[in-house]
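Student: Could you take me through one part of this model closely? I would like to look at aromatic rings and what surrounds them, and then at a sheet with its helices.

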Amino acid sequence: MMQQYLGIKNQHPDMLVFYRMGDFYELFFDDAIKASRLLGITLTTRGQSAGEPIKMAGVPYHAAEQYLAKLLKLGESVVVCEQVGDPATSKGPVERQVSRIITPGTLTDASLMDEHRDTLLLALAHDKNSVGAAWLNLAAGRMTVAQLGLSETPALLSRLRPAECLLPETLALDFPGPNRKLAAWQFDSTRAAQDLARQFGSRDLASFGVDGLPQAIAAAGALLDYVKQTQKSALPHLQGLMVERTDEFVHMDAATRRNLELTETLRGEAAPTLLSAIDTTVTAMGTRLLRHWLHHPVRNREILGQRVAAIRALSEERALRSQLATTLKSCADLERIAGRCALKSARPRDLSAMRDTLALLPEVQAQLGLDSPSLLAIRQACTPLPALHEMLVRAIQQEPATVLREGGVIADGFDAELDEFRALTENAGAFLIDLEARERARTGIASLKVEYNKVHGFYIEVTHAHVDKIPDDYRRRQTLKNAERYITPELKAFEDKALSARERALAQEKLLFEQLLDAIAPHVPHLLKTAAALAELDVLTSQADRLVTLDWALPEYADATGIDIEAGRHPVVEAQVGNFIPNDTQLSPTRQMLLITGPNMGGKSTYMRQTALIALLACCGLPLPAKTANIGPVDQIFTRIGASDDLAGGRSTFMVEMTETAAILRHATEQSLVLLDEIGRGTSTFDGLALAWATARHLLTESRALTLFATHYFELTQLAQQHRQLVNVHLDAVEHGEDLVFLHAVEDGPASQSYGIQVARLAGVPPKVIAAAKKRLKELEDAQVQPGPQGDLFVQPEESKTGEPNIALLDALRTLNPDELSPKEALEKLYELAEMTKRG
């Protein structure tokens, strides 16, 4: 038996092997040690191998799913080995075979998956200049490929959040989740193209638009090969692939997705996020689609226009929305059920759920009579399948058993042979009552019982007081403390017939169930299209309801670059507070940058984030929290908000800030939306101010991106005098006695002060420290040549002004070449020149 185990383990050295032994899945050697630690199960020893005790740990087979779920969540992969031989007839160890290989990226079982999140398997291939990516949603049979630059890979990983990643040994990539290294030969593009064409039933891949994408094809080939090995299946529902182009979606890097808290808070929680604030879908398919839309805002105005038109049409039909929500709530997760049917891993209740969902399709079609391209396409995709539905009605019990091995799955009357076996089993009770009455009369023993248990089968029980009355044809089966149990030839014959009938009934049900899955297979593509349509209908219906309930607005779109928002709000913060102050936002080529000043806690970051979220919702074609919103073309959204370090990567908070800023300055265009919050605060005042000034100037003159720039460097407000496309705005606060009241309204012009000390007092800083800070602030303000709450670092000191020419200063100016100076060097030179004027 151990030789058999070691042979299987050698084929899967990096996976845990669940080895079926009776009613348990056992793990041995290092697998047992690891599983004991991860699952908290008992580690034991038994027998010996090479003179050492064999370490063992096991889990009950009927409770294996919960242990598998825990291991997969921890990033482990598991090989499940089942007994395929009959213990009663096996002369040696019972034969075992690998029945399935479960990895984090190839899950299809409902009990192991998060129903609200797509489970994706990603493969990456590369050459010197590019990276090819292929990702698969196995449950839905959907494969997508893309080819991109190496620097774009982190953004792809952040967007897709794959459950598992396949990487060539030659690619060094810092992927935080489960990943598997494959040999370089497994990423051969020529072999991959042949394998993919064979899978899709086509002569080649010309019709799929992958010409010129060799690395993407290589990744897809490695992905297909890996999934076939793990699933032990031909993947009949995988019939094509889609090519994703970089200009299809609004680009957002990992920092932007994190800062905007689209589907996960900065603390890694599911709420409060943008998704949690707007998701009122009633199906798991709808939630997954809405999540996908939020992470994939599109640039195609035709798609956006169709979504907006559908939501508008549904918003005007309150009764219809209610009917659709009620119908959709009764729909099962048809997408994942269809995938499991294709992989032959569906369970009995999957088929009953499919049957009940198919019964609802005529009702959905009848309800969708609105004149909208999206709704008409959904109606067409929800075409009923009467033959499939009728077959499932006849074949499956109304409430089938959870698992096939328990029986009670196939409906009565569907198969005559199965009905015959069941009749034998179900009539056993009547036979036993009749036999018991006859034996009591024959023996004269009134307390005689005829009973059954799983260990000893059928038997006649007689107490010791009546043993002398038993007939000669009774054969002792078991002796108890107070009774004897017997079997008779008649009872033995019935036992053989009844027990074999149950076993044969279970075998027949298994055969019929497999035939049902075969019959469903040709319908899987249509079922997946129907599932996608139901998911989209769920999103559109729920968003129409949000539009009306929350008094939001539908986006309007302009051809010219710009963002014009009237009375915008932050969708997440508004749901958390009682009274949210709305604010307008206007950005255009002539009003390119808003320089935002104001006190801490005044709402600068909230104002910037709400602008980005409103633009994002507009690019998803969804309702948004504003009175009106007119959005021009947006190709990218960037954010540099908040402070966090990367200790593991050896990067300080300031280094992280500068890295994110560098990415923005390199990639932002005239159609990009950029959010920058307090650039330069992580270093000295002069360095930080210089960097903030240079960054703002670059965005104004080079990138020309639409920018919201929040800062406490009041000196930057002077940039408005040099660049008319920069506008100063502020959020104010007023002091009321000892209290500070934040107004949260965006006003034109720069702020007067930061109220930093007042905010520190609100935060609970000790009064003694507050008093010392006020005293020191007074001293610093008095020390400034130009009085005011904030000193101006760009104003030349008064004592340097003189009517006499300064020859040394003039010579220094003549030799100065501004084009060769960095912003920091320029500021240092400025102070050097100022010092020369002081020396006369």
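Student: To start with, is Tyr5 buried or exposed?

Tutor: Happy to look at this with you, and please keep in mind that this is a predicted model. Tyr5 is buried: its relative accessible area is 1%. That value falls below the limit of 20% under which a residue is called buried.

Let us stay with the rings for a moment. The model has 11 aromatic pairs. In one of them, the ring centres of Tyr5 and Tyr19 are 5.3 Å apart and the planes meet at 85 degrees, so this pair is edge-to-face. The reasoning rests on the angle, because planes over 60 degrees apart count as edge-to-face. The two partners come from distant parts of the chain, with their positions 14 residues apart: Tyr5 belongs to helix α1 (residues 2-11), while Tyr19 belongs to strand β1 (residues 16-21). Tyr19 is buried as well, with a relative accessible area of 0%.

A second pair makes a nice contrast in geometry. Tyr474 and Tyr486 have ring centres 5.7 Å apart and planes at 50 degrees, so this pair is tilted. Here too, distant parts of the chain are linked, 12 residues apart: Tyr474 lies in the loop between β15 (457-463) and β16 (475-479), and Tyr486 lies in strand β17 (residues 483-487). Tyr474 counts as buried at 6% relative accessibility, and Tyr486 counts as buried at 1%.

Back at the first pair, Tyr5 and Tyr19 join Phe28 and Phe29 in one aromatic cluster. Rings can also have a charge over them. The charged end of Arg20 sits over the ring of Tyr25, at 5.6 Å from the ring centre. Elsewhere, the ring of Trp293 has the charged end of Arg307 over it, 3.7 Å from its centre.

Now for the sheet that contains β17. It is an open sheet of four strands, in the order β14-β15-β17-β16, and the pairing is antiparallel. β14 (449-453) and β16 are the edge strands, each pairing on one side only. From one strand to the next, the twist averages 40 degrees. Within this sheet, β15 and β17 are joined in the antiparallel sense by four bridges; Thr463 has Ala483 of β17 as its bridge partner.

Helices accompany these strands. Helix α18 (residues 428-443) lies across β14 and β15, at about 145 degrees to β14. Helix α19 (residues 489-520) packs on the sheet and touches β14, β15, β16 and β17, with its direction at about 145 degrees to that of β15.

Helix α19 also takes us to α17, since α19 is included in what covers the buried residues of α17. Those buried residues are Leu418, Phe421 and Arg422. They span an arc of only 100 degrees around the axis, which places them on the same side of α17. Ala416 and Glu420, on the other side of α17, are exposed. Ala423 is also found in this helix, α17 (residues 416-426), and at 29% relative accessibility Ala423 counts as partly exposed. The C-alpha atoms of Ala423 and Ala501 are separated by 8.8 Å, although the two residues are 78 residues apart along the chain.

Key:
Residues numbered from 1 in each chain as written. Predicted model: local features only at pLDDT ≥ 70, side-chain atom pairs only at ≥ 80, totals over all residues. Heavy atoms only, no water. Phe/Tyr/Trp six-rings, centres within 6.5 Å; stacked < 30°, edge-to-face > 60°. Helix = DSSP H or I, 4+ residues; strand = E, 2+ residues; numbered from the N terminus. Buried < 20%, exposed > 50% of the residue type's maximum accessible area, 1.4 Å probe, protein only. Lys NZ or Arg CZ within 6 Å of the ring centre and 35° of its normal. Pairing = 2+ DSSP bridges. Axes fitted to C-alpha atoms, helices over the stretch in contact; angles between N-to-C directions. Contact = heavy atoms within 4.5 Å. Arc of directions from axis to C-beta.
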